[in-house]
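Please open the model in your viewer and keep a selection panel at hand, as the stops below go from one local feature to the contact between two chains.

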Amino acid sequence: MTAALDVRGLKTHFFTRGGVVKAVDGVDLSIQRGRVLGLVGESGSGKSVTGLSILGLIDLPGRIVEGSVRLDGQELVGLDRDAARRVRGRKIAMIFQDPMMTLNPVLRVGTQMSMALRAHEAISSDTVRQRSLAALGTVGLPAPEQCLAAYPHQLSGGMRQRVAIAIALLHSPSVIVADEPTTALDVSIQSQILQEMQRLCDQTGVALVWITHDLAVVSSLAHDIAVMYAGRIVESGPAEDVLAEPRHPYTRGLLDSVPGEAKPGEKLAQIPGSIPALIDLPPGCAFRARCGRADRACETMPEIVDLGGNRSARCVHPLEAA
Amino acid sequence: MLGFLIQRLLQAAAVMVVISVLVFCGVFAIGNPIDVLISPDATQEIRLDTIRRYGFDQPLWRQYLNFANTLIHGDFGRSFVFNMPVLDLILSRLPATLELTLAAVIGATVLGVPLGMYAGYRPNAAGSRAIMGLSVLGFSVPTFWVGLLLIMFFAVELQWLPAGGRGDTVEVFGIQWSVLTWNGWSHLALPALTLSLFRMALMIRMARAGMREAMLSDYVRFARAQGLSDGKVIFGHVLKNISIPLVTIFGLELAATLAFAVVTETIFSWPGLGKLIIDSIQSLDRPVMVAYLMLVAFLFIMINFAVDVAYAALDPRVRSGHA
């Protein structure tokens with residue numbers, strides 16, 4: 001069975017005056033229909049750029065320098081502008097972090113949905129209306145009719161994000177890339193949206209790439225996890241296994257930083273140092289300056305090690321399985 | 001919406017009252033119109049009689065009340081110099097200024113906005129750099145100098161266009177318009193171009209800034225992720241968003257150009273309001289000055305009002321009193 005989305009050796013570099021920023025430097029991802037992949041990492045790890053690269057939305061001075069993105073078997077890298085445009089929104093969709101900003105403030109929801117629909121299909125206003133209402137119903141909005149006539153500022157944050165998801169679903173895409181779509185929402189709305197997304201994946205078979213820095217969100221939603229650091233995937237595998245038993249020191253550090261089990265007054269665990277600048281990254285493992293296990297062997301870039309059980313890590317000294 | 005309208009109208013009325021006081025006192029403070037009104041060798045008797053006739057012997061507050069009283073009846077008084085009702089005098093000059101201003105500001109907008117949008121859409125293209133160079137030029141070169149240069153080039157050297165005056169006019173609804181004749185347009189072209197250069201530079205800058213900001217915004221990214229072509233993103237999503245600051249500039253510039261096209265009108269001897277006000281200041285023609293300044297205030301108020309209504313039409317957040 002071909003994967004809904006298969007990313008191989010993706011490299012997206014930004015050519016700035018200060019030097020080449022290797023925001024994404026060799027990323028492999030694969031996801032089947034109906035599954036959820038959590039793409040986890042700190043700010044600046046390249047997870048958002050990976051998402052934008054998959055959709056071909058990288059603007060100058062950045063560009064995809066290498067790699068392949070296959071959507072249902074179709075190669076997307078190297079498509080001309082118009083062909084790429086015809087894929088976007090129809091076969092693969094994307095939703096963004098801040099629902100306050102992703103909807104156009106001066107246009108009615110209905111107008112925005114109609115534009116999204118007509119970008120790919122020449123259809124009558126009646127059909128536009130029906131399909132918009134259907135999509136709004138699918139994401140669990142209580143009064144789709146009113147919603148269609150509303151301006152974004154008249155809706156709450158959660159409703160706005162639902163509208164954005166409805167727009168993403170309009171053409172029944174194979175894959176949705178969601179870039180931190182619940183980060184800006186409060187916790188109760190967050191869990192509602194997560195449930196909704198889970199249901200949608202089961203029902204429609206859409207594959208979901210869920211970009212986030214929030215491990216709690218991933219643990220409740222994702223089937224698989226890929227952890228990104230400095231433009232590379234450092235660990236991947238089934239979500240449960242990775243979260244229960246991380247093998248890469250960075251994943252371990254991330255999990256330890258979750259203040260879930262800390263006692264009040266006790267100092268919170270953190271990873272020493274910060275993510276390195278991506279300009280002129282020194283050779284070797286990018287995490288080695290912050291890693292307690294690093295030695296001379298880490299000065300050459302470690303290969304991805306297959307750890308069995310569908311798991312892999314990019315580490316010379318992976319943590320032992322318990 | 002109705003409440004909004006009534007509130008704005010009351011505000012406008014209050015502003016007009018304050019303006020009338022300020023303008024009246026301000027004009028009162030300069031010069032002595034008697035010296036202009038009668039010949040220097042007039043007898044003391046004639047002199048006193050004239051002072052009495054114009055009410056200059058009254059205290060300032062009574063003079064103002066008299067003025068306000070006639071004003072309420074729609075009478076701005078008579079011009080000392082032209083000896084005709086001030087309102088008629090101003091209205092006879094208004095169309096000339098109006099068509100010059102509209103031609104300049106609309107022309108600047110129609111040209112400047114698309115150029116600015118292109119420069120914002122492709123900031124690194126050679127064309128965009130040329131456009132931005134043009135806008136810097138438009139900002140920094142003084143209007144009078146551009147006017148003189150245009151006259152020298154197109155009127156004196158090439159002799160394509162006339163150097164001044166208004167040309168043939170056609171009467172419509174009792175008002176003389178030169179935009180309806182070819183000859184009128186040829187007279188209008190140079191002064192309108194002179195006036196529009198600065199405004200166009202402003203429009204280019206505003207449109208470019210708006211465009212650049214919008215192209216980086218999340219809603220544009222989301223629209224592109226939906227597979228909309230750049231054209232649809234720009235004209236469907238961006239244009240309405242960036243119109244709001246552009247409408248503001250349009251309104252302000254329209255009002256400012258109407259009121260203060262003085263220099264350009266003088267250079268091209270365009271028989272508009274600007275020339276009238278300069279002449280009346282020189283001859284201390286108080287009623288004309290007062291009426292002109294009040295007209296300018298009125299125009300500003302009306303145009304700002306129209307801009308506010310345009311905001312409400314463009315931005316739903318303003319409509320619901322949200323922003």
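Select A:D306 first, and opposite this residue you will find A:S312 in β12(A). In this predicted model, local features need pLDDT of at least 70 and side-chain atom pairs count only at pLDDT 80 or more, whereas totals for chains, interfaces and linings use all residues. Residues are numbered from 1 along each chain as its sequence is written, chains are lettered from A and ligands numbered from 1 in the order in which they are written, and side-chain values use heavy atoms, with hydrogens and water left out.

Extend the selection to β11 (residues 305–308) and β12 (residues 311–313) of chain A, antiparallel strands joined by three bridges; strands are DSSP runs of E with at least two residues, numbered from the N terminus, and two of them pair if DSSP finds at least two bridges between them. The two strands form a hairpin with two residues between them, and A:G309 in the turn has a positive phi of about 65°.

Next, display chain A together with chain B, where 30 residues of chain A are in contact (heavy atoms within 4.5 Å) with 25 residues of chain B. Select A:V106, A:M115 and A:H153, which supply 25% of the area that chain A buries against chain B, more than any other three residues; buried area is the accessible area (1.4 Å probe) that two parts lose on being put together, summed over both.

Finally, select A:R81 and B:D230, which form a salt bridge whose closest N and O atoms are 3.3 Å apart, the rule being a side-chain nitrogen of Lys or Arg within 4 Å of a carboxyl oxygen of Asp or Glu. Two salt bridges are found across this interface.

Conventions. Helices (H or I, at least four residues) and strands (E, at least two) are DSSP runs, numbered from the N terminus.
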